[in-house]
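Could you walk me through this model, one selection at a time? I have it open in my viewer and would like to know where to click next.

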Amino acid sequence: MTATPLILCYHAVSPTFPAPLSVTPTDLERQVTLLLRRGFTGTTFTQALEEPSPRRTLVVTFDDAYRSVLESALPILDRLGVPGTVFAPTDFIGGEGPMTWPGIDQWIGGPHEPELTAMSWAELAELADRGWEVGSHTCSHPRLPEEDDDELVVELSRSKRHCEERLGRECASLAYPYGAYDARVGAATRAAGYRFAATLPSRLDHGGPLEVPRVGVYHRDGMSRYRVKVSPVLRALRSSSAWAVLERGRARATRLRDRP
Ligand SMILES: [Zn+2]
């Protein structure tokens with residue numbers, strides 16, 4: 001019997017960045033430590049899926065390759081003995097200036113703009129040398145279901161090739177930007193040669209190796225919401241069909257409430 005790995009999805013890690021997608025180093029350390037105390041062992045995304053373990057397995061992933069992951073998360077995870085997994089949007093790696101796409105653009109031009117700096121290829125190589133996995137997060141971070149067939153091939157294949165050429169290792173995994181994918185995107189991901197791909201759904205049921213669900217951890221989670229998110233009871237509920245019914249009910253209630 002193998003246990004379903006618990007796969008967390010972080011983005012930036014900073015003591016001062018107030019963005020919803022950033023967590024403080026203190027929270028990251030406390031959150032990962034809690035799971036290690038509960039008997040989880042840390043490994044990388046592909047390793048966890050390729051060699052499923054009967055033990056409780058924890059995977060800590062970081063989307064977007066913010067430099068703050070190198071500066072703030074690496075020392076913590078090193079100390080805790082957990083290798084991370086970074087999903088890199090390859091057009092921005094080593095680029096001058098901030099990364100930019102809808103969702104983070106509001107921080108450009110303000111005091112927190114430097115938080116949007118991506119790592120360089122040399123920095124990603126350093127992480128890989130330390131046992132971290134580097135996967136693709138496409139080239140330009142688009143919503144893949146909105147791309148046409150040709151653009152999909154470029155976003156998926158070119159980013160994979162760049163990772164492999166620059167790091168000298170197989171790029172086996174992908175995280176869909178915004179967690180957005182559909183059947184056509186899944187087929188293109190398979191055709192591009194990825195073996196595993198990460199989503200970010202509300203419902204945690206596994207749809208196969210190219211639809212691997214993760215639990216997103218955000219600024220406002222702190223420890224109290226985080227404990228609920230990683231609790232076995234909630235994870236089991238989010239994997240069940242009952243969750244879909246609850247979600248539909250919640251969406252309906254929101255629609256009714258928001259009616260003019
Ligand atoms: Zn992203």
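**First stop: helix α3**

Select residues 67–80, helix α3, in this predicted model. With 14 residues at 1.5 Å a residue, α3 should span 20 Å, and its end C-alpha atoms are indeed 20 Å apart, so the two agree. Now click on Ala73: α3 bends there by about 45 degrees, and the proline Pro75 follows within four residues.

Next, colour the buried residues of α3: Ser68, Val69, Leu70, Ser72, Ala73, Leu74, Ile76 and Leu77. Show their surroundings, and you will find that what covers them includes β2 (12–13), α1 (25–37), β5 (57–63), β6 (84–88) and α4 (121–129). Just after α3, stop at Gly81, which has a positive phi of about 75 degrees.

**Second stop: the zinc ion**

Which residues coordinate the zinc ion? Select Asp64 (OD), His137 (NE2) and His141 (NE2), which do so at 2.1 Å. In sequence, these donor residues follow the spacing D-x72-H-x3-H. His137 is buried, with a relative accessible area of 1%, and His141 also counts as buried, at 6%.

**Last stop: helix α6**

Select residues 183–191 for helix α6, then highlight its buried residues Val185, Gly186, Ala188 and Thr189. They cover an arc of only 165 degrees around the axis, so they sit on the same side of α6. Turn to the face away from that buried side to see the exposed residues Ala183, Arg190 and Ala191. The cover over the buried residues of α6 includes α5 (149–167), β8 (173–175) and β9 (196–198).

At the N-terminal end, Asp182 caps α6, with a side-chain oxygen 3.2 Å from the backbone nitrogen of Arg184. Finish at Gly193, which follows α6 and has a positive phi near 100 degrees.

Terms used: Residues are numbered from 1 along each chain as its sequence is written. This is a predicted model: local features need pLDDT of at least 70, side-chain atom pairs count only at pLDDT 80 or more; totals for chains, interfaces and linings use all residues. Side-chain values use heavy atoms; hydrogens and water are left out. Helices (H or I, at least four residues) and strands (E, at least two) are DSSP runs, numbered from the N terminus. The expected span of a helix is 1.5 Å times one less than its number of residues. The bend at a residue is the angle between axes fitted to the seven residues ending there and the seven starting there. Buried means under 20% relative accessible area, exposed over 50%, partly exposed in between (1.4 Å probe, protein chains only). Contact means heavy atoms within 4.5 Å. Donors are N, O and S atoms within 2.8 Å of the metal (3.2 Å for Na, K and Ca); water is not among the atoms, so sites may look incomplete. The arc is that of the directions from the helix axis to the C-beta atoms. A polar contact is a pair of N or O atoms within 3.5 Å; within protein, one must be able to donate a hydrogen and the other to accept it, and residues adjacent in sequence count only if both atoms are side-chain atoms.
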